[in-house]
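Okay, thanks for making room for me today. Let me put the sequence and the structure up, and then I'll walk you through one part of the fold.

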Amino acid sequence: MYINGIGRTKFGALTKTLPELTYEAMLNAVEDSPLDITDIDAIFVSNFLGGPLNGQLHFNSIIASLLPSLNIPIIRIETACASSSVALNQAINCLEKTPNIMIVGVEKMTGTHLISPTDAIAMAGDYKNDYEQGLIFPAAYALIAQQYMSTYGISHDALEQVSYINHKNANLNPLAHFYHKDVTVEMIKQSPRVASPLNLFDCSPLSDGAAAIIISSKKQSDRDVKILSSRIATDTISLTQRESLTSFNATKIASRKVYQDTGVTPDMIDILEVHDCFTISELLALEDLGFCRPGEAPELIENGSILPGGEHPVNTDGGLKADGHPIGATGLAQIYEIVTQLRGEAGKRQVSDPKLGLTQNIGGIGGTCGITLMEGI
Ligand code: COA
């Protein structure tokens, strides 16, 4: 299976509506692909907050209205922040009968809302048992950060580095939410506390945006990127049912399946995009994916391994922290970046000759994980 077209919008606080963002990303993907929109057999759409924030469900029908003469199957998938990697996974499973499929993800998180985004995002956690006791998302990830810092004896400096590197990378990505924002370590240190020990610059922002890709069972052109494996795994919705707070089992299980499927090991992977919804989750990702042992991610960051010129460049687009996190689009934006890099089309942020790229996309507080491994051809 192959990815033959990619498209996205800029991420940020935008004036465009949900349908406008969706249309722009789909159009960009079709323009990037050798296929025409009439070649597409089905569309999978990923959107998390359309109901609670924007008052819009039945989003597949919105897409049908954008493409009125197609009348093809369009299906919405929702698994919180992992919605678009799970939509891709499910689309892959359908390729035998529907050989060309578009997957599009979209979110509109700024502007006028039916309820507050913090309350809406909390629906990705255990609403009854955790949210109603006050555990909003930044607080849940703060608990993880507190546990990690006390278990491994690290300070907030390691998290500041994650934020700094992601903001630096975003400055080479004109589509990023924080493109052209000059962020210094001092600014990160001084930023207001959100939930101890996490500051403003430990959090991904509320972003609007959309991303789309087109996959086919057969190769379409030399710009195609091959999908070697796509796997999803799940875990309990509440942290209270977990044995460990410093690791996400779903990431471990899904990534080990990908490694088993392909014989690829972490040392062979040239570039990766990980789910840094809060800076602490980038440390967990590097460890759970097997790039280092538990507690060693701060060292990996310190020694420059994850920089664009390092051994395993991470989040060259700026990651969720600085490229942005329009929830339904995030997993596909990660794929967009890896495809761009594997094609050698990333311009100023291009890393040196990557062959294998991996994405890790988390839903909730590690309740779902989608991993995709891709190869340039
Ligand atoms: N990182 C850096 N700067 C941020 C930021 C972030 N995460 N969020 C907002 N800002 C900046 C804005 O750009 C703005 O800067 P300006 O004054 O120079 O224009 C300023 O902070 C105020 O912006 P505002 O939108 O009023 O911030 P806020 O206080 O409403 O929101 C958070 C801040 C942290 C509460 C919000 O970004 C948030 O909820 N993030 C987490 C989202 C989340 O949980 N996603 C799901 C994860 S699984």
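**Helix 8 and the sheet beside it**

Let's start at the end of a helix: right after helix 8 comes Gly-263, with a positive phi near 75°. Bear in mind that this is a predicted model.

Now back up into the helix itself. Helix 8 covers residues 249-262, so to speak a run of 14 residues, and from first C-alpha to last it reaches 20 Å, close to the 20 Å expected at 1.5 Å a residue. Which of its residues are buried? Those are Ala-250, Thr-251, Ala-254, Ser-255, Val-258 and Tyr-259. Look down the axis of helix 8 and the buried residues fall within an arc of 155°, so they line one face of the helix. What do they pack against? Strand 8 (225-234), strand 10, strand 11 (368-376) and helix 9.

Three of those partners are strands, so to the sheet. It's an open sheet of 9 strands with mixed pairing, and the order is 3-2-4-7-1-8-11-10-9. The edges are strand 3 (74-77) and strand 9 (271-273), each of which pairs on one side only. From one strand to the next, the twist averages 25°.

Let me go through a few of the pairings. Strand 1, residues 2-8, pairs with strand 8 in the antiparallel sense, over 2 bridges. One pair to find on screen is Ile-3, whose bridge partner in strand 8 is Val-225. On to strand 8 and strand 11: these also run antiparallel, and 9 bridges join them. Here you can pick out Lys-226, which stands opposite Glu-375 in strand 11. Out at the edge, strand 9 runs parallel to strand 10 (residues 356-363), with 3 bridges between them. Leu-272 has Leu-358 of strand 10 as its bridge partner.

Last stop is helix 9, residues 279-288, and in particular Ser-281, which lies in that helix. Is Ser-281 buried or exposed? At 4% relative accessibility, Ser-281 counts as buried, because the cut-off for that is under 20%. And where does the side chain of Ser-281 reach? It gets to the backbone oxygen of His-275 at 2.9 Å, and to the backbone nitrogen of Cys-277 at 3.3 Å. Leaving aside residues up to four places away in sequence, Ser-281 touches Tyr-141, His-275 and Asp-276.

That's my tour, happy to rotate the view for anyone.

Definitions and conventions:
Residues numbered from 1 in each chain as written. Predicted model: local features only at pLDDT ≥ 70, side-chain atom pairs only at ≥ 80, totals over all residues. Heavy atoms only, no water. Helix = DSSP H or I, 4+ residues; strand = E, 2+ residues; numbered from the N terminus. Axes fitted to C-alpha atoms, helices over the stretch in contact; angles between N-to-C directions. Buried < 20%, exposed > 50% of the residue type's maximum accessible area, 1.4 Å probe, protein only. Polar contact = N/O pair within 3.5 Å; in protein donor to acceptor, adjacent residues only side chain to side chain. Contact = heavy atoms within 4.5 Å. Expected span 1.5 Å × (residues − 1). Arc of directions from axis to C-beta.
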